[in-house]
Amino acid sequence: MTPAPVDWLALFAHFLLLSLLSIGGAITVLPDMHRVLVGQMGLISDQQFNAAIAIAQASPGPNVLFVAVMGYQAAGLVGSAVMLTAIMLPSTTLALLVARWARGRREWRAVQAFKAGMAPIVIALLLAAGWILSVGTPGWRHLLLTATATLLIWRTRVHVLVLIAAGAVLGAMGWI
Amino acid sequence: MRTVSLMIQSSVAPARPSSAKDLFLAFSALALQGFGGVLAVAQRVLCEQRRWLTKEEFVEILAVGQVLPGPNVCNVALIVGDRFFGWRGALAALAGMMTVPLVIVLLVTAVYAQYAMHPAVAGALKGMGAVAAGLIVGTGFKLAGALRVNPMGLPACAAVGVCAFAAVALLRWPLLWVLVALGCVSCFYAWKRLRPGASPAPETR
C-alpha cells in the first residue's frame, strides 16, 4: 500500500496544485482527489474515501481534515502530514498575501466594490451549501430537523453543541 | 496604531483579542464546537460572543476567504489572525483551528472501522448532518442582515443572491464560473454605485 518516494513526491506536487484550484474549499477538488488516490495510484479504496469524508464531517473542526484522514489511511501519520501540508501550504500563503494587499488598499473604490459586490454571493453560497446537503438525503424528517436547526440558530442563542447533540440523539434512536 | 475597521461598515467591533495565545485558544474552542463545518460557530463566536468583528466585517472577510482557493474557514482564521497580530496571529489562529481537531479526527479514524456498520452510529451521523445543514442556512440568514448597509442596495443584493443560489444549488454550475461571471457583474455594479473620486485604481478582480 505504501507508495515509493517518487510517488510521494508526485502526490505532494499534485496536492500543491489542487490547493490552488480549491476555490470554495477542498470539497471542490474532491473528484480529482478520487481520480488520483483511488483510481490512478490505488492508495485507498472507495469505501475508505467515503469514510474519510464522513469522519471529517462528524468530527469537530474544518472539513479539510478529510485530507489528513485519507493520508492516514494511505500511509499512517507520515501520509497524513504530507497530504495535509500540501493541500494547505499554497492556499494559506495566497490568502495571507491577498488579504494584506487588500487591507493596504481598503480605501480604493475597486476594493470596496469587490467587497460590496461579493457579499450577496457569499451569503447565497451558504444557503446553497445548506440546500445541497439537505436534498441529497431522501425522506422528510431530516428536512424538518434541518428547518428547526435553521430557525433556532437564526433566531435564538441556543448553543450549537446542544443542536448537534439533539441531532445525534434523534438519529441514533432511528427517528430520521 | 492599527484599526480594526475595513470599509462599508456601519460599526466597528468593540473588542479585540489580547494576544496571539488568546487567538489560538479562541479558534481552538470554536473549531471544537464545529461539527460538520465551522462557519456557523465562527460567526457566533467572533461576532456575538467575543465581538472581535461586526457582521459586516465577517461577511467581507468571508468574501475574500471564499473567492480565494483553500478551506474557507481556514482562510477566515488566517485573515482574522493577521489583522490583529500579523503573521504570528495568522499562524496562531490557523493552528488553533487545526491542531486539536486533527488529533481528534485521526483518533476517530483509528476506531471508526469497528463501529461504522452499527445502525445507531450511522443514524447519529445522519442526524448530525441534518443539523449541520440547518446551522449553515441559519448563519446565511443571519449574515443577510449585513446586506442592509451594502452600497448596492437591497434589491440588487437580492437579485444577485437569487442568481447565485439558483446557479450553484439548482443548476449545479461549477462554482468557479459562477464566481467569475456573477462576481464580475455584481462588483462592476457596486463599483458604479460607489461614489467616484476616492480611488485611483481600476477594477482588478
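A:Ser80 makes a good starting point in this predicted model. This serine counts as buried, because 23 C-beta neighbours lie inside 10 Å of its own, and a residue needs 20 or more to be called buried. Its place is in helix α4 of chain A. Leaving out residues up to four places away in sequence, A:Ser80 touches A:Ala68, A:Gly71 and A:Tyr72, and it also touches B:Leu106 from the other chain. A:Gln57 is 23 residues away from A:Ser80 along the chain, and 17 Å separate the C-alpha atoms of the two.

**Chain A as a whole**

Stepping back from that serine, how many helices and strands does chain A have? There are 7 helices and 0 strands, so the pattern along the sequence reads α-α-α-α-α-α-α, with helices and strands being runs assigned by DSSP. Taken along the principal axes, the C-alpha atoms of chain A fill a box of roughly 55 × 55 × 25 Å. Chain A has 176 residues, and 50% of them count as buried. Consider next the contacts in chain A between residues at least 6 apart in sequence: 43% of these join residues at least 24 apart.

**Where the chains meet**

The touch between A:Ser80 and B:Leu106 leads on to the contact between the chains. This contact takes 84 residues from chain A and 100 residues from chain B. On the side of chain A that touches chain B, the elements giving two or more residues are α1 (5-21), α3 (46-58), α4 (66-104), α5 (109-135), α6 (141-155) and α7 (160-172). Which of these gives the largest share? That is α5(A), with 25 residues. Sorted by class, this side of chain A has 55 nonpolar, 23 polar and 6 charged residues.

**A nonpolar core**

In soluble globular proteins, nonpolar side chains tend to be buried together. Here, the largest nonpolar core has 133 residues. The members that touch the most other members are A:Val67, A:Val69 and A:Ile87 from chain A, along with B:Ala77, B:Ala93 and B:Ala164 from chain B. Helix α4 (residues 72-115) of chain B supplies the largest share of this core, 18 residues. The core also draws at least three residues from each of domain 1 (14-111 + 140-145) and domain 2 (150-205) of chain B. The C-alpha centres of these two domains of chain B lie 25 Å apart.

What does B:Ala77 touch, leaving aside its neighbours within four places in sequence? This alanine is in contact with B:Phe27, B:Ala93, B:Leu94 and B:Met97. One of these partners, B:Ala93, is itself among the core members that touch the most others.

**Two helices to follow**

Helix α6(A) has 15 residues, which should span 21 Å at 1.5 Å a residue, and the 21 Å between its end C-alpha atoms agrees with that. Its buried residues are A:His142, A:Leu145, A:Thr146, A:Ala149, A:Thr150, A:Leu152 and A:Ile153. They pack against α5 and α7 of chain A, and against α2 (39-49) and α5 (119-144) of chain B.

On the other chain, helix α7 (residues 175-193) of chain B has 19 residues and reaches 26 Å from its first C-alpha to its last, close to the 27 Å expected. Where is the kink in α7(B) centred? The kink, of about 30°, is centred on B:Gly183. B:Gly183 is also one of the buried residues of α7(B), which include B:Val178, B:Leu182, B:Cys187 and B:Trp191 as well. The cover over these buried residues includes α5 of chain A, together with α3 (55-67) and α6 (154-170) of chain B.

**Two arginines in loops**

Finally, two arginines of chain B deserve a look for their backbone angles. B:Arg51 has a positive phi although it is not a glycine, and B:Arg172 likewise has a positive phi in a residue other than glycine. The table sets out their details.

| Residue | Phi | Loop in chain B | C-beta neighbours inside 10 Å | Exposure |
|---|---|---|---|---|
| B:Arg51 | about 60° | between α2 and α3 | 13 | partly exposed |
| B:Arg172 | near 60° | between α6 and α7 | 10 | exposed |

Why is B:Arg172 counted as exposed? It has 10 C-beta neighbours inside 10 Å, and a residue with 12 or fewer is called exposed. B:Arg51 has 13 such neighbours and therefore counts as partly exposed.

Key:
Residues are numbered from 1 along each chain as its sequence is written. Chains are lettered from A and ligands numbered from 1 in the order in which they are written. This is a predicted model: local features need pLDDT of at least 70, side-chain atom pairs count only at pLDDT 80 or more; totals for chains, interfaces and linings use all residues. Two residues are in contact if their C-beta atoms, placed from the backbone, lie within 7 Å. Helices (H or I, at least four residues) and strands (E, at least two) are DSSP runs, numbered from the N terminus. Ala, Val, Leu, Ile, Met, Phe, Trp, Tyr, Cys and Pro count as nonpolar, Asp, Glu, Lys and Arg as charged, and the others, Gly among them, as polar. A nonpolar core is a set of buried Ala, Val, Leu, Ile, Met, Phe, Trp, Tyr and Cys residues joined through C-beta atoms within 7 Å. Domain bounds come from an automatic or database domain assignment. The expected span of a helix is 1.5 Å times one less than its number of residues. The bend at a residue is the angle between axes fitted to the seven residues ending there and the seven starting there.
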